[in-house]
Amino acid sequence: MEMGAIAVTSFGPPVAPLTRKHLSPSRSLLNKPRPLSLPSAWRRVWFAGGDIGAPRATYRFRSGSVALVGGEFVRDAGATAVVMAGAYTLVSAFESLTRRNFIEQSLSRKLVHILSGLLFMVCWPIFSTSPEARYFASVVPLANCLRLLIYGLSLATSEGLIISVTREGKPEELLRGPLYYVLILILCVLVFWRESPIGVISLAMMCGGDGIADIIGRRFGSEKLPYNKNKSWAGSISMFIFGFLISLGMLYYFSLLGFFQLDWAWTVERVALVSFVATVVESLPTAGLVDDNISVPLASMVAAYLCFPI
């Protein structure tokens with residue numbers, strides 16, 4: 001693999017292995033000497049000192065490697081700064097809109113819930129392909145986690161933040177749903193990152209599916225579920241539909257950029273199954289026991305893990 005290439009994982013039904021007939025080159029190719037195929041920049045480095053084995057040439061090649069690593073560090077640090085600034089701007093915008101009564105507090109809270117996680121996930125490809133890139137990306141939700149702890153413990157005050165992301169406007173609410181939300185973001189970044197559909201689907205169900213279900217359920221949820229009077233048919237149906245569609249959209253986005261390959265007929269069936277599992281879990285009367293920001297993504301992770309084994 002060339003240095004800096006994206007690791008691609010294929011998810012789908014098993015494919016028949018290649019036979020010797022597919023792999024055997026012609027005899028003319030075997031007998032033909034192969035030219036040195038180093039990139040031109042590397043050839044200049046290797047032969048700069050005249051002798052390939054000269055210490056000077058080897059040292060210069062290593063300098064190029066260090067420069068590449070330094071470039072990845074700069075890219076990841078810059079991406080972290082950009083994404084963090086975008087996340088702060090998004091929350092600040094909804095704080096301002098809520099404070100000026102342009103939108104309701106409940107709608108502001110859910111729009112932040114939907115957009116912040118999905119936009120964060122959309123930004124993952126701007127990070128480099130280095131193994132450390134995921135740790136740089138995790139700094140963004142980690143910073144939000146610390147912010148929630150500070151304001152949730154009343155070590156500092158932020159009326160706008162509390163209004164825009166809590167139900168009742170109490171600081172301690174920041175230590176429940178919003179905190180669980182950013183912890184799930186950190187978990188998906190560190191464990192799954194861009195190379196697995198599992199984290200992508202889990203975040204799509206938590207951010208998109210669950211968030212839209214609450215908005216639709218509040219407006220059109222007059223018909224309640226028989227086993228949970230706090231949930232409606234409209235909310236659950238929208239949870240399934242939008243969770244399914246957003247998951248497919250995000251999977252297509254990452255597969256289009258080459259992070260993994262998918263068999264789409266096979267994928268659609270399994271994403272529908274994961275969406276159904278997440279919808280059932282979200283509809284259960286467990287409000288006093290476990291938060292949806294924990295139950296929905298964890299159920300999605302388990303279902304997706306069974307459907308898309310790593």
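Biologist: Where does L149 sit, to start us off?

Modeller: L149 is part of helix α6, which covers residues 133-152. Bear in mind that this is a predicted model.

Biologist: Why is L149 called partly exposed?

Modeller: Its relative accessibility is 31%. Buried means under 20% and exposed means over 50%, with partly exposed in between. A value of 31% falls in that middle range, so L149 counts as partly exposed.

Biologist: Which residues is L149 in contact with, leaving aside neighbours within four places in sequence?

Modeller: L175 and L179. As for P171, its C-alpha is 9.6 Å from that of L149, and the two residues are 22 apart in sequence.

Biologist: Now S236: what makes it count as buried?

Modeller: S236 has a relative accessibility of 7%. The cut-off for buried is under 20%, so S236 qualifies. You'll find S236 in helix α10, residues 233-256. Beyond its neighbours within four places in sequence, S236 is in contact with L225, T279, E282 and S283.

Biologist: E282 is in that list. How do you know that E282 and K231 meet in a salt bridge?

Modeller: Their side chains come to 2.9 Å, N to O. The rule asks for a Lys or Arg side-chain nitrogen within 4 Å of an Asp or Glu carboxyl oxygen, so this pair passes. The two partners belong to distant parts of the chain: E282 is in helix α11 (residues 264-283), K231 is in strand β3 (residues 228-232), and they are 51 residues apart.

Biologist: Is E282 buried or exposed?

Modeller: Buried: its relative accessible area is 6%, and the cut-off is under 20%.

Biologist: What makes D292 and K231 a salt bridge as well?

Modeller: It's the same test again: their closest N and O atoms are 3.2 Å apart, and the limit is within 4 Å. D292 lies in helix α12 (residues 292-307) and K231 in strand β3, so this pair ties together parts 61 residues apart in sequence. D292 and K231 are both buried. With partners shared between the salt bridges, K231, E282 and D292 end up in one network.

Biologist: How do you know that K170 forms a salt bridge with E168?

Modeller: The closest N and O atoms of K170 and E168 are 3.3 Å apart, and that too is within 4 Å. As for exposure, E168 has 57% relative accessibility, which is over 50%, so E168 counts as exposed. K170, with a relative accessible area of 38%, is partly exposed. The rule gives 8 salt bridges in total.

Biologist: On to the helices. Why is α5 called roughly antiparallel to α9?

Modeller: Two packed helices are described by the angle and the distance between their axes. Here helix α5 (residues 105-122) and helix α9 (residues 197-220) have axes that come within 9 Å and cross at roughly 160°. That makes α5 roughly antiparallel to α9, since the label goes to angles over 145 degrees. The crossing of α5 past α9 is left-handed.

Biologist: And why are α5 and α10 called roughly parallel?

Modeller: Their axes cross at roughly 20° and come within 11 Å. Angles under 35 degrees count as roughly parallel, so α5 and α10 get that label. Their crossing is right-handed. On the α5 side the contact is made by L118, M121 and V122, and on the α10 side by I246, M250, Y253 and F254.

Biologist: What is special about the phi of N101?

Modeller: It is near 65°, a positive value, and N101 is not glycine. Most residues other than glycine have a negative phi. N101 lies in the loop between α4 (55-99) and α5. With 67% relative accessibility, which is over 50%, N101 counts as exposed.

Biologist: What about the phi of S154?

Modeller: The phi of S154 is positive too, near 60°. S154 lies in the loop between α6 and α7 (159-165).

Biologist: And how many helices and strands does the chain have?

Modeller: The chain has 12 helices and 4 strands. Of its 310 residues, 41% count as buried. The chain exposes about 17,200 Å², with carbon and sulfur atoms supplying 65% of that area. Among contacts between residues at least 6 apart in sequence, 74% join residues at least 24 apart.

Definitions and conventions:
Residues numbered from 1 in each chain as written. Predicted model: local features only at pLDDT ≥ 70, side-chain atom pairs only at ≥ 80, totals over all residues. Heavy atoms only, no water. Helix = DSSP H or I, 4+ residues; strand = E, 2+ residues; numbered from the N terminus. Buried < 20%, exposed > 50% of the residue type's maximum accessible area, 1.4 Å probe, protein only. Contact = heavy atoms within 4.5 Å. Areas by Shrake-Rupley, 256 points an atom, 1.4 Å probe, with all protein chains shown as cover. Axes fitted to C-alpha atoms, helices over the stretch in contact; angles between N-to-C directions. Parallel < 35°, antiparallel > 145°, perpendicular 65-115°, else oblique. Left-handed = near helix turned anticlockwise from the far one by under 90°.
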